[in-house]
Amino acid sequence: MTATQLSGEIPMMVKRSFPEDDNDKQIIIICFHPNNKIEDMNKQLNQMNNHVVFYTELESCISFIQSIKHEKFFLIIFDSYACELVSHIDIFQQVHSIFIFYTKPEDFKYLFHEQLNIIGVYHRLNFFYSALEEQINLIAEQFFQWTFYDQTNFSKRDLSKQSSDFLWMQLFHDAISYFPHDEQAKEDMMNIFRLYADEKLYQSNDAIQWYLNNSFLQKLITKSLQRKDIDQLYQLRYFLVDLIENLTRECHTANVVIHQQIKLSKHELNHFRQKQGQILSMKGFLLVKQDIVLPQRSDLVDVHLEIKCNLKEYQNKNEVLFDLNTTFQLENIEENDQTPLIRLTTVNYGQMIKEKYLKDTHRQIENFSIPVIFSKLMCDMNEWNQSRKYLQYLLIHSNEQDLPWIEYFTGETFYEIGQLNEARLCYDRAIKSNKINLQDSAVVLSAIGKVLYSQGKYEEAYDFYQQALTIQKQFYPSDHAHIANSLDDIGLVFGRRLQYDQALDFLQQALEIREEYYEHFHVDIAISLDNISEILIDQRKYDQALKYQKRAMSICKEYYPSNHTYIALLLFRIGSILYHQEICEESLNLSQQVLTIMKKLRSSGHLDVACTLTHIAHIRYGQGMHEESLQLYQQVLALLIQYYSSDHLDIVQTLINIDHTLLHGKENSEQTLDFFQKSLTMLERSYSSYHAHIASNLNLIGNALRKQMKFDQALEIYNRALKMQEDYYSSDGIELVDTLRNISHTLSSQQKVDEALLYCQRTLTIQQNDLSSDHINISYSFNSMGHLMEKKKEFTQAIQFHQQALTIQQKCFPLGHSTIIATLKFIGTIFTNQCQYDQALEYYKQALDINEKCFPSNHVQLASNFILIGSVLSTQEKFSEALDFQNRALAIREKNYPSDHVFIAHTLTHIARTLFNQKTYHQALESYQRAMSIYEKCYPSDHTDIISNLNNIGDVLYRLDKYDEALTYHEQALA
């Protein structure tokens, strides 16, 4: 390569101002811990990132944050100091990523705030380090100069849903040339040039020399391509087309080896090491020159690049310029000395992969143009805002054939960010266009159905899905992917109706078609698997659901990066399964990952954020944090009210979640009854045909009435629900089980044991006919049978039923579960009632072992275990041991519940009984009186707990020789 004299006609651009270069940015980790007792973490953080700073004073930390101009910075804040985030929201909302770490697990409290970029709240170091490292890597990847693609088996796979920076570069190379190369385009380009350079006359044939001779232009184009800055690239379209055409015209074939010294970040070099054998391209035009001056940066690594060129590229003396779509193969990396050697070879894979991608996309819709396909690619990459900008520019210059598709994909960009009304307007314009044919209109009809579904108008959505399916059956064979799409959509509507068998039928049909059509590997197969697993979760078939999810995840990981919405969706579902299996910490960790992805890609107020927050609230409720879960449910409700119409099914469900927490977490049955009535009114008003949902709500009302011991009213409500379900499903449908069980429980509470047994046996018969013999739901019926046998004093049979339940539960949950704990306690209670205290303690302690293994040390479930053990020890006159367990229970409940919660009163009553039996009457009286003050706030005066406690206080006063006072309390109890 020999030197050539550059033409004097080509101007040197003088940089007037230029934004901060992305590649100059560093990541800073800021730790705020007033006690600074984190030496081990200090070492670990410095291994992860070059720049870590520690602060022990809040004011200094804030001053440093305010001084940061361009760097990305993470904040790690510890323990209760997290409250400072909200107190200084104006400062901390500019932090890119916030991590909250609790050094004491028992202090853990989840925090969500719409204006703060909280990645997660942690108390386990492995989860924390993993989340931090993932975020560092995601930020680092944004600044990578190269993009990789795994070409393995690409020719055998359908690439139509592939999304990557590599494909973006290949397709942009072609798409940019579809814009008119006219005077307006040239004027737009010159307007950019005038901002930064002395204005000179530009000629299209000089594009290469302009690029080579001006570092400003190189940086501007490279940055715009790396950021996928559609606005800037559109303004530069005239020059980019010239540059690409000049490179195509002036290149020549040569088999040479060229060398270049480059700088890579440690993260990008590690990325190269992991990708050996794969193909890659530069995020821009690669310029190799011998006299390049490299930046002096301690955080960058010197790398020697060897490129074997066997394709066409532009050469000019000591410079080689590679086109935007040039593809290389990473042959290997040698690290024999201090400077790694990266060997690349130019290959034709990029062109082949692009052609395969276009072919597979046209297999779906034949008349997609390359510009339209490019917008689709950006949608698949979650680049919705950039896609919409591109479509707006495309609309200015498009041909008539593209108009309906421009409207359609513009609608897609609105739909994905939750702007449903705007999406519908675009879809309506697309469907009304006289340029869309009947065959393609099915795609748009399905999209309209999708909007209606999201708006909670499921039956209207169903009509559009059916219209689309009718059209598709006219034009496609029965095993075409478009048919599968409609079957999948229809299946989801059946799922919303709670008609799970019909839903699974449609979803399985869709899966079978997709597996045949795509030969077992495609994102749409993963979507089918996920939809099926959602129904299986609702049916409590968690192991099956997890198998579907793992297969779906294995597919999506081949298509998408770790921060893609599809990955987030699958993580969400896996987290849901783990929650039901009571693997709560791992479930919470996955939910936080999902929340981070959704907030970054969409917004803090998006529906997906609300769904994830709901799941986190479920987890915190399951962990006994009822007050915290209630706050999260209320935040979800506020988000949904902004997003939906007032009667949307998701709003109804959120109200039910709040009510359920009030009923079972806060023991407030009066307030919850009002809420359940409100949600019932909403269902009957807006979803009058959704009898399954209405029946479910009626069951909740019955539960609240049963909690108030209004058994006749509860039975009336349950029977109304049962009739509705029998009409909606059938008299032996599995969907009736919960209602039948509620009726049985209520009859049992009324001491109508034989009637209760009839309903319980009917429940068990339905389950045994519909479910596998080891289904977890059958264990619940065995336990119910055990309770009823216990009431009939048939203790041997009762224990046998509970043991059958235990066998199923231990098979379903080998790592432990609250259902196992409950069953062990049931068996222990039967032995207690038979005065077989040693056997009872054996089962209670087995339950305690699982409790301590599965739940944190302050979990509310432990409290009930402690009380049961304490009661037995008290009966055995081991009073000191008994009081130790009972006081531990009280400490847990006082930490987790408000001071006037009825559970605290129950615990005080247990303590008082032990003190009474120990003949420490004054202390017993104090505990009974504390309990009574709570009961009087929570219950009406005729409640059994109040009557019982009045008698207890009377007994204590009698033992203290206060006969008149004792008589007064006993008389109050009789009244």
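In this predicted model, arginine 540 is a good place to start: with a relative accessibility of 28%, arginine 540 counts as partly exposed. The residue sits in the loop that joins helix 22 (523–538) to helix 23 (542–559). Its backbone deserves a look as well, for arginine 540 has a positive phi of about 65° although it is not a glycine. As general background, most residues other than glycine have a negative phi.

Lysine 793 offers a second case of this kind. Here too phi is positive, near 65°, in a residue other than glycine. Lysine 793 is found in the loop between helix 34 (776–791) and helix 35 (795–812). With a relative accessibility of 61%, lysine 793 counts as exposed, whereas arginine 540 is partly exposed.

A third loop residue, aspartate 647, has other surroundings. Aspartate 647 is placed between helix 27 (626–643) and helix 28 (649–665). Its relative accessible area is 10%, so the residue is buried, the limit being under 20%. Its side chain makes a polar contact with the side chain of serine 686, at 2.6 Å. Not counting residues up to four places away in sequence, aspartate 647 touches Val652, Met682, Arg685, Ser686 and Tyr687. Serine 686 thus appears both as the polar partner and in the list of contacts.

Glutamate 586, by contrast, belongs to a helix, namely helix 25 (residues 584–601). The relative accessible area of glutamate 586 is 39%, which makes it partly exposed. Leaving aside neighbours within four places in sequence, glutamate 586 is in contact with Phe127 and Leu578. Measuring across the model from C-alpha to C-alpha, glutamate 586 and alanine 185 are 53 Å apart in space, with their positions 401 residues apart in sequence.

Turning to the sheet, five strands form an open arrangement in the order 2-1-3-4-5, with parallel pairing. Its edges are strand 2 (51–55) and strand 5 (118–122), each of which pairs on one side only. From one strand to the next, the twist averages 15°. Strand 4 (residues 97–101) and strand 5 pair in the parallel sense over 4 bridges, and isoleucine 98 stands opposite isoleucine 118 in strand 5. Helix 2 (residues 58–67) packs on this sheet, touching strand 1 (27–32), strand 2 and strand 3 (72–78). The direction of helix 2 makes about 165° with that of strand 1.

The nonpolar interior comes next. In soluble globular proteins, nonpolar side chains tend to be buried together. The largest nonpolar core of the model has 271 residues, and those with the most contacts inside it are Ile30, Trp168, Phe193, Phe239 and Phe285. Phenylalanine 285 touches a set of residues that includes Tyr211, Ile221, Leu225, Leu240, Phe322 and Asp323, not counting residues up to four places away in sequence. A second, separate core has 30 residues, among them Tyr897, Ala912, Tyr928 and Leu960.

At the level of the whole chain, the division is into domain 1 (28–140), domain 2 (147–171 + 179–354), domain 3 (365–475) and domain 4 (856–974). The C-alpha centres of domain 3 and domain 4 lie 65 Å apart.

Conventions. Residues numbered from 1 in each chain as written. Predicted model: local features only at pLDDT ≥ 70, side-chain atom pairs only at ≥ 80, totals over all residues. Heavy atoms only, no water. Helix = DSSP H or I, 4+ residues; strand = E, 2+ residues; numbered from the N terminus. Buried < 20%, exposed > 50% of the residue type's maximum accessible area, 1.4 Å probe, protein only. Polar contact = N/O pair within 3.5 Å; in protein donor to acceptor, adjacent residues only side chain to side chain. Contact = heavy atoms within 4.5 Å. Pairing = 2+ DSSP bridges. Axes fitted to C-alpha atoms, helices over the stretch in contact; angles between N-to-C directions. Core = buried A, V, L, I, M, F, W, Y, C linked by side-chain atoms within 4.5 Å. Domains from an automatic or database assignment.
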